[in-house]
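Biologist: I am new to this structure and would like a close look at a single part of it. Please take the cysteines, and set them against the chain around them.

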Amino acid sequence: MKYRNGKDVFPEALLREIQKYASGQLVYIPAGDTKRSWGQTSGYKQYLAQRNEAIKSKFRAGAGVEQLADEFYLSPESIKKIVYTKKEEFMPEYRCTLSSAKEFAACGRLEDWVHAYLLSDGHNEEFSRGLQMFPRRFLGPVRMPLSLFTRCCGPEPHMKWRVNEEWFERHVADLREVISQGRDLPPLIVHYLIPYGKNEGEFELNDGNHRLEAYGRLGIAEAEVILWITEEREYELFLERFGSYLKK
């Protein structure tokens, strides 16, 4: 089958929306600049070191801050921090726990925890790669009502990601047990977005479907989540409607 370039098929606004979701699927959606894909499969910590060294090298060769920001999908402030900092910034040791996510968040590296998780325990390299296609805001971990979120993975026929019922039930049962033991589990990862053609925002559960089901069956009403947001208007709408959770 011959693939067609998404640039030749979709309007620009729609293409940007598709790029949020279709990375890694059987659809070719250009990332806008393929240079960001290098080094990612070897681990996010190594990827950051390689990326930062490339930025410094290009800066020394005469590239401007704005140029580097466009090339590496970072803010000018982030570029300045990289090129003018002599020592490598401290990064906590990654663990697949809520406590570890909070440690990363406390030193301003929540996004790094997300990628470290997705590239290891989360087993979702495609999601990690897709997140790096655009600048994102990462918020949390924040405690929120689980009633705000809906599973998209399970054995039910309407699920976006349908899995074997026996395996699903076994996994949820195991999680119920470890949750009951007070185990330090990782937070859910949730996308807040305004879908294309709509004016209202909604939540999309990207990681933690089995945990969400286990929490529900145990009667747990709230849990810690990491939220990621792409567009400024989505961020403003989130703050307007759910910003109070960030202050708890």
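Modeller: What follows starts with the model itself, turns to the cysteines and ends with one loop residue.

This is a predicted model, in which local features need pLDDT of at least 70 and side-chain atom pairs count only at pLDDT 80 or more, while totals for chains, interfaces and linings use all residues. Residues are numbered from 1 along each chain as its sequence is written, and side-chain values use heavy atoms, with hydrogens and water left out.

The protein chain has ten helices and six strands; helices (H or I, at least four residues) and strands (E, at least two) are DSSP runs, numbered from the N terminus. Of its 248 residues, 45% count as buried. Buried means under 20% relative accessible area, exposed over 50%, and partly exposed in between (1.4 Å probe, protein chains only).

A disulfide is a covalent bond between the sulfur atoms of two cysteines. Here the term stands for a pair of cysteine sulfur atoms within 2.5 Å. The whole structure, when searched, yields zero disulfides. Cys152 is in none, as the nearest cysteine sulfur, that of Cys153, lies 6.5 Å away. Cys152 counts as buried, with 17% relative accessibility, whereas Cys96 counts as partly exposed at 28%.

The loop residue is Leu119, placed between α6 (110-118) and α7 (125-131). Leu119 has a relative accessible area of 26% and is therefore partly exposed. From Leu119 to Arg129 is ten residues in sequence and 9.4 Å in space, C-alpha to C-alpha.
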